[in-house]
Amino acid sequence: MFKTWRSLVPTLFLFLLPAVSSAQFGISLGVNVNVAPPELPVYEQPPLPAPGYIFVPGYWFWDADVTDYVWIPGTWVEAPQPGYLWTPGYWGYEGGSYLWHGGYWGQTVGFYGGVNYGFGYTGGGYEGGYWRGGQLYYNRAVVNLGTTNVTNVYVKNVTVNNTTINRVSFNGPGGVQARATPAQLAAANEHHLPPSSAQVQQASAARSNPELRAKANGGHPTVAATPKPGVFKGAGVVEARGAPAHPAVAEHPAPAAHPAAAAHPAAAAHPAAAEHPAPAEHAAPVAHPAPVHPAAPPHPAAPAHPVEAHPAPAPEERRAPPQAEAHPAPAPRPEARPAAEPKPAPRPAEQHEEPRG
């Protein structure tokens, strides 16, 4: 009976591990994917919040619920106990698929696929700091100390390349070609501690944020790192270089279709109406009948829109003047003036005949 129980314990553990750590932690073992993870985004490290904190670099995790890779932002967390350092997880190509090897806390940094996560995680070991006498000493050459008052510091220049185009995030063909050293294999057998509750909180918050999915951000997450776990907004939140939050901006140009509204400038064709200063032609009649039809000028001004209708009345005004001349017809004297012209000399004779009749 005892032997049977002992044989069931590992089975139950393996059965529960994916359900708990994979669904909640996002940092578990045994996740297999047929698609390679995106390249690691380039981003700056938030400043150290306080002594004793260690930076956990960001990584891509496969979320089976949305069938997509999700970026878990890097963040600062407290070491579970003095003397422990973080070994990041990594993707390794094995047996035709990509297998996720979860990270862990230990007194020695183990193998993490040779992936260069930056900030002291150059692919092997950790160059961001070390423990001595229960105190964590920081390498200011690769750690952003910010304004935090830290006395335990040193400077050690290391090869850290966070700006290369090739930011592969997995080990295997097409990725990093690295093998674990004997020391790293030994570290894997040491006493380990699982991810802290703060790390679990960070992973859970990331999985609930659609903007951190690879299909949405194209490998450039809007939140690449945070000063505190689970806090994705506010001061200190870091975006990836080239992060697009830009899909939204790309949508805004669409509304810029309002330039179509610019078609309203077509309405500005009303400047064409400006051509209708042709109403200046009305000025011509204004020479004589302006006093007679003073109201006429305002009409052309107002009807800039039906401008074509007013030109019609304009000729009527021209006819009006001749009618005005018809009224003075009883004054034949002005007509006599043209009669005074030398050519119609016989007309005076006709004038004598009229009184005779």
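This passage walks through a predicted model of one protein chain, from its overall make-up to a few aromatic rings and a small sheet.

To start with the big picture, the protein chain has 357 residues, and 38% of them count as buried. Its secondary structure adds up to 13 helices and 14 strands. The accessible surface comes to about 20,400 Å², and carbon and sulfur atoms own 60% of that. As for who touches whom, take the contacts with a separation of 6 or more: 63% of them are between residues 24 or more positions apart.

How sure is the predictor about all this? The chain averages a pLDDT of 72, with 57% of the residues scoring at least 70. Among the elements, strand β6 (residues 85-87) comes out with the highest mean pLDDT, at 98, while helix α5 (residues 246-251) has the lowest, at 37. Two stretches call for some caution. Residues 1-28 have a pLDDT below 50, and this stretch makes 28 contacts in the model beyond near neighbours in sequence. The pLDDT is also below 50 over residues 245-331, a stretch with 23 such contacts.

Next come the aromatic rings, with 18 aromatic pairs in the structure. A pair of rings like this is described by how far apart the centres are and by the angle of the planes. Take Tyr43 and Phe119: their centres sit 5.2 Å apart with 45 degrees between the planes, which makes a tilted pair. In sequence these two are 76 residues apart, with Tyr43 in the loop between β1 (31-33) and β2 (53-56), and Phe119 in the loop between β9 (104-106) and β10 (129-132), so the pair links distant parts of the chain. Are these two rings' residues buried or exposed? Tyr43 counts as buried because its relative accessibility is 5%, under the 20% cut-off. Phe119, at 7%, counts as buried too. Both belong to one aromatic cluster, together with Phe55, Trp60, Trp71 and Trp76.

Another pair is made by Tyr121 and Tyr126. Their ring centres are 4.6 Å apart and their planes stand at 35 degrees, so this pair is tilted. Tyr121 is buried with a relative accessible area of 0%, and Tyr126 is buried as well, with 13%.

Moving on to the sheet, three strands line up in the order β10-β11-β12 to form an open sheet with mixed pairing. Which strands stand at the edges? They are β10 and β12 (153-154): each has a single partner strand, so one side of each is left without a neighbour in the sheet. Strand β11 (residues 135-139) runs antiparallel to β10, and four bridges join the two. Arg132 stands opposite Gln135 in β11. Arg132 also lies over the face of an aromatic ring, that of Tyr137, at 4.5 Å from the ring centre.

Finally, there is Arg140, found in the loop between β11 and β12. Its relative accessibility is 48%, so Arg140 counts as partly exposed. What does Arg140 contact, leaving aside its neighbours within four places in sequence? The list is Leu145, Val153, Tyr154 and Val155. With Val155, the sequence separation is 15 residues, but the C-alpha atoms of Arg140 and Val155 are 5.6 Å apart in space.

Note on methods
Residues are numbered from 1 along each chain as its sequence is written. This is a predicted model: local features need pLDDT of at least 70, side-chain atom pairs count only at pLDDT 80 or more; totals for chains, interfaces and linings use all residues. Side-chain values use heavy atoms; hydrogens and water are left out. pLDDT is the predictor's confidence in each residue, from 0 to 100. Contact means heavy atoms within 4.5 Å. Rings of Phe, Tyr and Trp (its six-membered ring) pair if their centres lie within 6.5 Å; planes under 30 degrees apart count as stacked, over 60 as edge-to-face and the rest as tilted. Buried means under 20% relative accessible area, exposed over 50%, partly exposed in between (1.4 Å probe, protein chains only). A charge sits over a ring if NZ of Lys or CZ of Arg is within 6 Å of the ring centre and within 35 degrees of the ring normal. Accessible areas come from the Shrake-Rupley method with a 1.4 Å probe; for residues, only the protein chains shown count as cover. Two strands pair if DSSP finds at least two bridges between them.
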